[in-house]
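Biologist: I'm new to reading protein models. Could you walk me through one, feature by feature?

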Amino acid sequence: MSEAAIKIEAVTKIYQGGFKALDTVDLTVPRGAIYGLLGPNGAGKSTLINILGGLVNKTEGKASVWGFDIDENPRNAKASIGIVNQEITFDPFFTPAETLDIQAGMYAVPRAKRRTMELLRAVHLEDKARAYSRTLSGGMKRRLMVAKAMVHSPPVLVLDEPTAGVDIDLRQQLWEYVRELHASGITVVLTTHYLEEAEELCDRIAIINHGKVIADQPTRELVNMAQEKAVVVTVEKDIETLPAQSCFEKVEKVDRNTMTITYRKDKVNAGEVLTALGEAGHTIIDVTTREADLEDVFLNLTREKASA
Ligand SMILES: Nc1ncnc2c1ncn2[C@@H]1O[C@H](COP(=O)(O)OP(=O)(O)OP(=O)(O)O)[C@@H](O)[C@H]1O
């Protein structure tokens with residue numbers, strides 16, 4: 001049996017009409033990871049997740065969940081994964097307890113093995129067990145969706161943009177819960193547009209763009225890949241013409257005597273940038289540097305691939 005939680009090998013998806021949403025995608029999600037799948041709108045993240053959940057048929061390639069091939073062993077593959085989709089989907093006239101019971105029935109979980117109250121406790125909805133689902137707040141509904149995806153106790157939980165459109169407090173609550181699930185041994189995959197959260201939460205991140213994987217690395221390595229750095233420099237005299245030293249990638253005026261100089265850290269260091277500025281006739285009175293974050297990595301990578 002494969003050791004990976006999810007293994008995707010050369011998966012391509014061409015939708016009817018000929019649109020290629022995924023182009024020979026290879027990805028391995030290690031067991032026990034919190035894995036982030038990042039990408040702009042339309043990159044192919046939901047397509048990939050829906051293939052794993054059996055909602056979309058891939059055109060080519062192989063995929064397995066917890067060692068079970070999704071074509072050869074679809075029942076076991078499906079039993080190994082819980083997916084929380086972007087849309088909130090449950091009948092508003094059922095109570096949370098009923099919603100989970102019905103879902104467990106759909107997965108043929110025997111009554112004696114159902115964990116309805118345990119799951120409601122885990123998502124802090126125990127006191128709402130008998131309330132109509134329609135009376136729940138947005139945050140409660142999202143937590144109920146997570147519980148619903150967990151009724152069959154899958155070892156892998158996939159959350160498709162769980163925090164899209166939710167406020168900061170609720171986002172924090174959801175992340176807290178994701179951390180709890182992960183601590184209890186569940187492999188978590190999440191797609192998000194919030195790069196800083198992926199950076200904070202995920203130990204490994206893949207970036208997908210136009211149906212292709214353009215990066216798949218431990219989070220720290222990915223952050224280190226950001227080659228562009230910037231120094232914000234205040235000089236003694238008003239800036240009349242912007243300096244154009246060869247080691248500067250870009251120079252922008254911030255105010256009359258402050259400018260931001262962008263450079264590539266694989267070519268020069270901050271000291272050399274400042275020396276070059278001095279040689280251009282500027283007397284420096286203040287300097288701050290800006291660390292690269294995932295946003296920079298993402299922009300650099302997508303720009304590089306676009307111009308490749
Ligand atoms: N059923 C379909 N038929 C044709 N094209 C589709 C279909 N479903 C999705 N697509 C296209 O495939 C591409 C990838 O869509 P997908 O939903 O996988 O992207 P995504 O990365 O999840 O984006 P988002 O973050 O907006 O959800 C998009 O261009 C989309 O328009």
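Biologist: Let me start with a small detail. Which residue follows α1 with a positive phi?

Modeller: That is G54, with a phi near 80°. Keep in mind as we go that this is a predicted model.

Biologist: Now the strands, please. How do strands of a sheet pair?

Modeller: They pair through backbone hydrogen bonds, in either a parallel or an antiparallel way. Here, one open sheet has four strands in the order β2-β1-β4-β5, and its pairing is antiparallel. At its edges are β2 (20-30) and β5 (68-69), each of which pairs on one side only.

Biologist: How many bridges join β1 to β4?

Modeller: Five, between residues 4-14 of β1 and residues 60-65 of β4. Try finding two of the facing pairs: T12 stands opposite E60, and I6 has V65 as its bridge partner. On to β2: seven bridges pair β1 with β2, again in the antiparallel sense, and I8 stands opposite L27 there.

Biologist: What lies between the strands in the hairpin of β1 and β2?

Modeller: Five residues. One to look at is G17, which takes a positive phi near 105°.

Biologist: Let's turn to the ligand. Which residues surround it?

Modeller: You have just met one of them, G17. The others in the shell are Y15, F19, A21, G39, N41, G42, A43, G44, K45, S46 and T47. Sorted by class, the shell has four nonpolar, seven polar and one charged residues. Helix α1 (residues 45-52) gives the largest share, three residues.

Biologist: Is α1 mostly covered or exposed?

Modeller: A general idea about helices first: an α-helix has 3.6 residues a turn, so residues three or four places apart point the same way. In our case, α1 is mostly covered, with seven of its eight residues buried. They are K45, S46, T47, L48, I49, I51 and L52.

Biologist: Which order do the strands take in the sheet of six?

Modeller: Follow β6-β7-β8-β3-β9-β10 across this open sheet, where the pairing is mixed. Its edge strands are β6 (81-84) and β10 (212-218), each pairing on one side only. From one strand to the next, the twist averages 15°. For a parallel example, look at β6 and β7 (residues 156-160), which pair over four bridges. V84 has its bridge partner, L159, in β7.

Biologist: Where does α1 pack on that sheet?

Modeller: It touches β3 (34-38), β6, β7, β8 (187-192) and β9 (204-209), and its direction makes about 145° with that of β7. Helix α5 (residues 138-149) packs on the sheet too, where it touches β6 and β7. The direction of α5 makes about 160° with that of β6.

Biologist: What can I learn from the nonpolar residues?

Modeller: In soluble globular proteins, nonpolar side chains tend to be buried together. In this model, the largest nonpolar core has 62 residues. Those with the most contacts inside it are L52, V65, V156, L157, V158, V188 and V189. Helix α5 gives the most to this core, with five residues.

Biologist: Which residues does V188 touch?

Modeller: Leaving aside residues up to four places away in sequence, V188 touches I34, Y35, L157, L159, V178, L181 and H182. There is also another core, apart from the one of 62 residues. That other core has nine residues, including V233, V235, I261 and L277.

Key
Residues numbered from 1 in each chain as written. Predicted model: local features only at pLDDT ≥ 70, side-chain atom pairs only at ≥ 80, totals over all residues. Pairing = 2+ DSSP bridges. Near = placed C-beta within 6 Å. Nonpolar A, V, L, I, M, F, W, Y, C, P; charged D, E, K, R; others polar. Buried ≥ 20, exposed ≤ 12 C-beta atoms within 10 Å, placed from the backbone. Axes fitted to C-alpha atoms, helices over the stretch in contact; angles between N-to-C directions. Contact = placed C-beta atoms within 7 Å. Core = buried A, V, L, I, M, F, W, Y, C linked by C-beta atoms within 7 Å.
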